[in-house]
Amino acid sequence: MPLLKSLRGEVTWVKIGLQMYTACGPDCVRQIADLGFRVFLDLKLHDIPNTVAHAVESAARLPIGMLTLHTCGGSEMMRRAVKAQQETRPELLLLGVTVLTSMSEAALHETGVATSPEQQVIRLARLAVDAGLQGLVCSPLEIAPLRSTLPNAVQLVVPGIRPAGSKSDDQSRILTPSQAAAAGASYLVVGRPISQAPDPAAAARAILSEIRNARP
């Protein structure tokens, strides 16, 4: 929590991923929301339709603003998830994860997907929008093709953001904050470049300044 307290007033959203949620459970969501942050709960739900629908119902009762599921779970799973979200928390932004930013074309082919990451992202994105999802998670490299393919109202949440000079870590499809913002991202997900910086608040301010300067 000391890191988050140092970022109050600098950032609005905090992402809670699978690692933190597994360790701390729903209590960490409530604690972070109590600090004044909006919470993006990134669980990437993927199971049979009934299980995912009930998981969405449970998560939607927490103080969160975004929740993720895997689009490769298929149309029926996503439709059931959207129905549960609409009935439980209509204002919650349910996001479909397409292809993980750590997946290269070779890694995708290992799983039996013969197309490129971009082609697979577009295929899954269309499936998600047709199922009723209003937002997607995609790598920075797929922002432009999705913007040219999908309705403008679809929200694009983009991880794989690395300021110039930063390590790519385990991300293989990355852009800088200004490049992603200019391409049309709705939200940028920035983790280690802030959390592992000597001065996280200063790092956050620098990234926000870069984003503002990149906007039209």
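This is a short talk on one protein chain, going from the whole fold to a few single residues.

The structure you have in front of you is a predicted model. Please keep that in mind for everything I say.

I start with the chain as a whole. Its secondary structure comes to 11 helices and seven strands. The radius of gyration is 17 Å, close to the 17 Å that the globule rule gives for 216 residues, so the chain is as compact as a globular protein of that length. If you want outer dimensions, the C-alpha atoms fill a box of roughly 45 × 35 × 35 Å along the principal axes.

How much of the chain is buried? Of the 216 residues, 48% count as buried. The accessible surface is about 10,500 Å², and carbon and sulfur atoms make up 51% of that surface. As for contacts, take those in the chain with a separation of 6 or more: 66% of them join residues 24 or more positions apart. On charge, the chain has 21 positive and 18 negative charges, and the mean positions of the two sets are 4 Å apart.

Now to single residues. Please find Thr-68, which sits in strand E3, residues 66-70. Is Thr-68 buried or exposed? Its relative accessible area is 0%, and the cut-off for buried is under 20%, so Thr-68 is buried. Its side chain reaches the backbone nitrogen of Leu-43 at 3.1 Å. Leaving aside neighbours within four places in sequence, the residues in contact with Thr-68 include Phe-40, Leu-41, Asp-42, Leu-43, Lys-44 and Leu-45. Leu-95, Val-97 and Val-137 are also in contact with Thr-68.

One of those contacts deserves a stop. Lys-44 belongs to strand E2, residues 38-45. Lys-44 is not a glycine, and yet its phi is positive, at about 50 degrees. With a relative accessibility of 28%, Lys-44 counts as partly exposed. So here a buried threonine, Thr-68, is in contact with a partly exposed lysine, Lys-44.

A second threonine, Thr-98, is in a loop, the one between strand E4 (93-97) and helix H6 (105-110). Thr-98 counts as buried, at 5% relative accessibility. Which backbone atom lies 2.9 Å from a polar atom of the Thr-98 side chain? It is the backbone oxygen of Val-137. You have met Val-137 already, in the contacts of Thr-68. Apart from neighbours within four places in sequence, Thr-98 is in contact with Thr-71, Val-121, Leu-124, Ala-125, Leu-136, Val-137 and Cys-138.

From that list I pick Val-121, which lies in helix H7, residues 117-130. At 0% relative accessibility, Val-121 counts as buried. Its C-alpha atom is separated by 9.4 Å from that of Leu-100, and the two residues are 21 residues apart along the chain.

Next come three partly exposed residues, each in a helix.

Arg-147 is in helix H8, residues 143-147, and it counts as partly exposed at 22% relative accessibility. Setting aside residues within four places in sequence, Arg-147 is in contact with Asn-152, Val-154, Leu-156, Ala-183, Gly-184 and Ser-186. The C-alpha atoms of Arg-147 and Met-77 are separated by 24 Å, and these residues are 70 residues apart along the chain.

Glu-210 is in helix H11, residues 200-214. Its relative accessible area is 24%, and Glu-210 is partly exposed. Which residues does Glu-210 touch, not counting those up to four places away in sequence? They are Thr-176, Pro-177 and Ser-178. With Ser-178 there is also a polar contact: the Glu-210 side chain reaches the backbone nitrogen of Ser-178 at 2.9 Å. From C-alpha to C-alpha, Glu-210 and Ala-23 are 33 Å apart in space, with their positions 187 residues apart in sequence.

Last is Ser-6, placed in helix H1, residues 2-7. Ser-6 counts as partly exposed, at 35% relative accessibility. The C-alpha atoms of Ser-6 and Leu-175 are separated by 26 Å, and the two are 169 residues apart along the chain.

To go back over two residues: the side chain of Thr-68 reaches the backbone nitrogen of Leu-43, and a side-chain polar atom of Thr-98 lies 2.9 Å from the backbone oxygen of Val-137. That is where I stop.

Terms used
Residues numbered from 1 in each chain as written. Predicted model: local features only at pLDDT ≥ 70, side-chain atom pairs only at ≥ 80, totals over all residues. Heavy atoms only, no water. Helix = DSSP H or I, 4+ residues; strand = E, 2+ residues; numbered from the N terminus. Buried < 20%, exposed > 50% of the residue type's maximum accessible area, 1.4 Å probe, protein only. Polar contact = N/O pair within 3.5 Å; in protein donor to acceptor, adjacent residues only side chain to side chain. Contact = heavy atoms within 4.5 Å. Rg over C-alpha atoms; globule rule 2.2 N^0.38 Å. Areas by Shrake-Rupley, 256 points an atom, 1.4 Å probe, with all protein chains shown as cover. Lys, Arg positive; Asp, Glu negative; His and termini not counted. Charge placed at Lys NZ, Arg CZ, Asp CG, Glu CD.
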